[in-house]
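Welcome! Please open the model in your viewer and get ready to select residues by number as we go from stop to stop.

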Amino acid sequence: MVATADALAHLNPSQRRAVEHHCGPLLVVAGAGSGKTRALTFRIFQLIHQHRVAPDNILAVTFTNKAAREMRDRIEKLFADQLAQQETGKPLTALPAAEQTQLRSRVYKQQIKPLWIGTFHSLFARILRYDIDKYQDEQGHQWQRNFSIFDESDVQGLVKEIVLKDLNLDEKKFNPRSVRYAMSNAKNLLRSPTEYLNEATTYRERTIAEVYSEYQKRLAANNGLDFDDLILIPTRLFQQNETILGYWHYQFQHILVDEYQDTNRTQYELIRLLATNGETRKEQWNWQRRSLFAVGDADQSIYSFRMADYKILLDFQRDFGDGLPDATTQTMVKLEENYRSRENILQAANHLIAHNTERIDKVLRPTRGEGERIYLYQADSERDEAQFVLGSILKLRERASDLGWGSFAILYRTNAQSRVLEDAFRGRVPYMIVGGLKFYDRKEIKDAIAYLRLLANPADTVSLLRAINTPRRGIGKATIDNLISAAQQLGVPLWEIISDETSVNTIAGRTAKAVNGFAALIKGYQGKVETSDANYLVRAILEDAGYLDDLKSKGTDEAKTRLENIYELFSAVDDFQREYEDTTLAGFLANASLASDLDNLAEGQEAISLMTLHSAKGLEFPIVFLVGLEQGLFPNVRSLDDPQSLEEERRLCYVGITRAQERLFLSQARQRNLWGSTEPAIPSQFLMELPPELIERNGRAVLPRAAGHMATAEPVTQPADDTPGLNWKVGDRVIHNAFGEGEVILLLGSGRKQNLAINFPAAGRKIIDPRVAQLERIEA
DNA sequence: CTCTTTTAAGGTACC
DNA sequence: CTTAAAAGAG
């Protein structure tokens, strides 16, 4: 009890309001570094401990497995500490290690394990393992509970086959990647193939609808689902089946959603259904014993390219809340105190983000000292930039020897930028690329997983085709084509043909022996799936399949690395069995296909982190370098003529700045080598949107105000306010810091929404928001 | 069926 | 420039 009171005493009033919230809807607007995870974990603890909610009545949705793991861990600590106080009168950390472990495992069993904490995908995959057989598909497709989850490359393969082979479309016009992207977007907007077709207006869209429809058919034939389906199908199921929805609505009395600004329409609908039981009349909602608790920050919304929509967060008050103005509302709390960064860093962040238009009014209030100024370096080239980063890190470590390598992070806009940095670092300082190639995306791991998926779900033809000739067994294209065509004519999964010796002998001729041998191998292990542990199965089948010997006999460095990765997979299975107390193959597979990074292995390592700004979200580092602040790189070219995406780039910059605790370094190169040719580079407009007095520049760095065009060096103040604009008219001559001189050729919209179409002789025609872009009118 | 040469594409990325 | 996938040759 003491622990609880103590813990709550350390919260600020807003955090306290969030944590003590019991029933009803609440939106927590949580700025960067404001103790958001703390609010979430304390609240869950509070619900169970104070309000006696059963842990399995709580659903907490996060966006990454890592966030889920962290929350679990922190709640476990809260309970263990509470229990320690209660039983021994001492805090947990004062107990001997063995007792701590024992206490934590008790807490884990009772309070933590039953909690439904996880990502949308893992939680709803779990629900589908119970209920997918009751789902009525619009096109009559069916799935079984042992479905496979297809990852992006499996899916790309399927789409490619449909586009190029089945429908024989022009690869240039219907690039499989962009078709796949369109389909994913459709799913994230809750559109079935039929609905997508009905809304299609162009030939392209109608064709994509056809691919989409065929794609679903192929997925179902494999008893497979893609990631989007893990959200879409439960949503459909809940829409169509009152009983099932009612069951889960009753199950999840308290729903918490983290990173609410990153939800898409389908996820929103799913949450809405669960919270309201599908009841549309607000007055019928029963908040007596339940709650909906959404946490997020619209200023950190950086995933609209994958259909995340921060307007869902902005609409929370209207959708679920009391809809009252910010000052009086009971259904929104803002966490504005920042415990992470120095004041100078926060001022810069606040100043930058104020240039965006559609926001919930919010600032980050500093709680720590001012700190040093932000350092801006103008480099001659990207190589000079890398040298600057390296030099600065070495210098800082000289001055403060207690700064570990892990204190540094280098953030960039595009992955391609990492190479130059790596070249500068290699052999000199320890570094790691965060994000890069995922463990489960590696070829050898995908091969191994294909074998396992085939054991669990024989209908999974995608995995079958991957495994059948890996390692090479002399089963070639011709044989496989014949087998596939037989399966298609009979309308059965390929495995049905391959597993029948007589059929194989008839169809495969000379290679029949090899195919039958493969079939016998798989059959032997399929018989053991129910009775054997996953860690035995994975080792045994790869050994028996000759996969390990194949790698061993190659002897190249590459093969050695691959072999090491396979061994790493073996220990991942062991870890999984220990952590989740689940030895089934199905359990491991579900976890593996949804796992993103085994990179947390590297967590303890002391190394400089290199990553994209997107990967940096949710992380923090004492010292942050934000590199490549150049127009066209960051903000990215594709956002320059679209005010909406430009705002997203600005949010991305905001996310980058707010990762820094102590010091922030910015850099920009005057020319950059991109795809072989050297291009001159213009400083990013974001640099001009920072308060100049907080920036310290190296001799050469000059803020990019072309002399004479910017009359004043005043900080840019609130360009988004209500000033009616500068009365733009057609024919006005302007100068833009990226596009040069141009002429306004059209006014679009009016008032606050007014945009300008401008013809730039140097850059073509662009549509520009004069409140956002750095635009100067040239007096005639 | 496998190895070599050619060609194309390269924004961000969660699960 | 670099890497990956596709086509072409043995």
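For this tour, rings of Phe, Tyr and Trp (its six-membered ring) count as a pair if their centres lie within 6.5 Å. Keep in mind that this is a predicted model.

**Stop 1: aromatic rings**

Select Tyr260, Tyr268, Trp285, Trp287, Phe316 and Phe320, which form one aromatic cluster. Within that group, look at Trp285 and Phe320: their rings make a tilted pair, 5.9 Å from centre to centre, with 35° between the planes. Which parts of the chain does this pair tie together? Trp285 lies in the loop between helix H13 (265-276) and strand S7 (291-296), while Phe320 lies in the loop between helix H15 (316-319) and strand S8 (332-335), so the contact links parts that are 35 residues apart in sequence. Both Trp285 and Phe320 are buried.

A search of the whole structure finds 29 aromatic pairs. Another one to pick out is Tyr135 with Trp143: the ring centres are 6.2 Å apart and the planes stand at 45°, so this pair is tilted. Tyr135 is buried at a relative accessible area of 11%, and Trp143 is buried at 3%.

**Stop 2: charges over rings**

Now show Arg43 together with Phe293. The charged end of Arg43 sits over the ring of Phe293, 4.3 Å from its centre. Then move to Arg306, whose charged end sits over the ring of Tyr303, 3.6 Å from the centre of that ring.

**Stop 3: the six-stranded sheet**

Switch to a cartoon view and find the open sheet of six strands, arranged in the order S3-S2-S6-S7-S1-S8 with parallel pairing. Where are S3 and S8 in this sheet? They stand at the edges, each with a single partner strand, so one side of each is left without a neighbour in the sheet. On average, neighbouring strands here are turned by 15° against each other, direction ignored.

Next, colour strand S2 (residues 58-62). Five of its five residues are buried, so S2 is largely enclosed by the rest of the structure. In a regular strand, side chains alternate between the two faces of the sheet. In S2 both faces are covered: Ile58, Ala60 and Thr62 are buried on one side, and Leu59 and Val61 are buried on the other.

Who are the partners of S2? It pairs with strand S6 (residues 254-257) in the parallel sense over four bridges, and Leu59 stands opposite Ile255 in S6. S2 also pairs with strand S3 (residues 116-119), again parallel and over four bridges; there, Val61 stands opposite Gly118.

Now go to strand S1 (residues 24-30), which runs parallel to S8 and is joined to S8 by four bridges. To see one residue match, select Val28 and its bridge partner in S8, Val333.

**Stop 4: two helices that cross**

Select helix H17 (residues 382-399) and helix H18 (residues 418-425). Their axes come within 9 Å and cross at roughly 50°. H17 and H18 are therefore oblique to each other, and H17 passes H18 in a right-handed crossing.

Just before moving on, select Asn415, in the loop between strand S12 (408-412) and H18. Is Asn415 buried or exposed? Asn415 is exposed, with a relative accessible area of 53%. Add Leu613 to the selection: the two C-alpha atoms are separated by 9.6 Å, although the residues are 198 residues apart along the chain.

**Stop 5: unusual backbone spots**

Most residues other than glycine have a negative phi, and most peptide bonds are trans. The next selections depart from that pattern.

- Thr470 and Pro471 are joined by a cis peptide bond with omega of about -5°. Pro471 is in the loop between helix H20 (461-468) and helix H21 (477-490).
- From Phe634 to Pro635 the peptide bond is cis, with omega near 5°. You will find Pro635 in the loop between strand S15 (621-626) and helix H30 (643-657).
- Glu259 is not a glycine, yet has a positive phi of about 50°. Glu259 is in the loop between S6 and H13 and is buried, with a relative accessible area of 15%.
- Met307 also has a positive phi, near 75°. Met307 is in the loop between S7 and helix H14 (311-314) and counts as partly exposed, at 22% relative accessibility.

Terms used:
Residues are numbered from 1 along each chain as its sequence is written. Chains are lettered from A and ligands numbered from 1 in the order in which they are written. This is a predicted model: local features need pLDDT of at least 70, side-chain atom pairs count only at pLDDT 80 or more; totals for chains, interfaces and linings use all residues. Side-chain values use heavy atoms; hydrogens and water are left out. Rings of Phe, Tyr and Trp (its six-membered ring) pair if their centres lie within 6.5 Å; planes under 30 degrees apart count as stacked, over 60 as edge-to-face and the rest as tilted. Buried means under 20% relative accessible area, exposed over 50%, partly exposed in between (1.4 Å probe, protein chains only). Helices (H or I, at least four residues) and strands (E, at least two) are DSSP runs, numbered from the N terminus. A charge sits over a ring if NZ of Lys or CZ of Arg is within 6 Å of the ring centre and within 35 degrees of the ring normal. Two strands pair if DSSP finds at least two bridges between them. Axes are lines fitted to C-alpha atoms, for helices over the stretch in contact, and angles run from 0 to 180 degrees between N-to-C directions. Angles under 35 degrees count as roughly parallel, over 145 as roughly antiparallel, 65 to 115 as roughly perpendicular and the rest as oblique. A crossing is left-handed if the near helix is turned anticlockwise from the far one by less than a right angle, and right-handed if clockwise.
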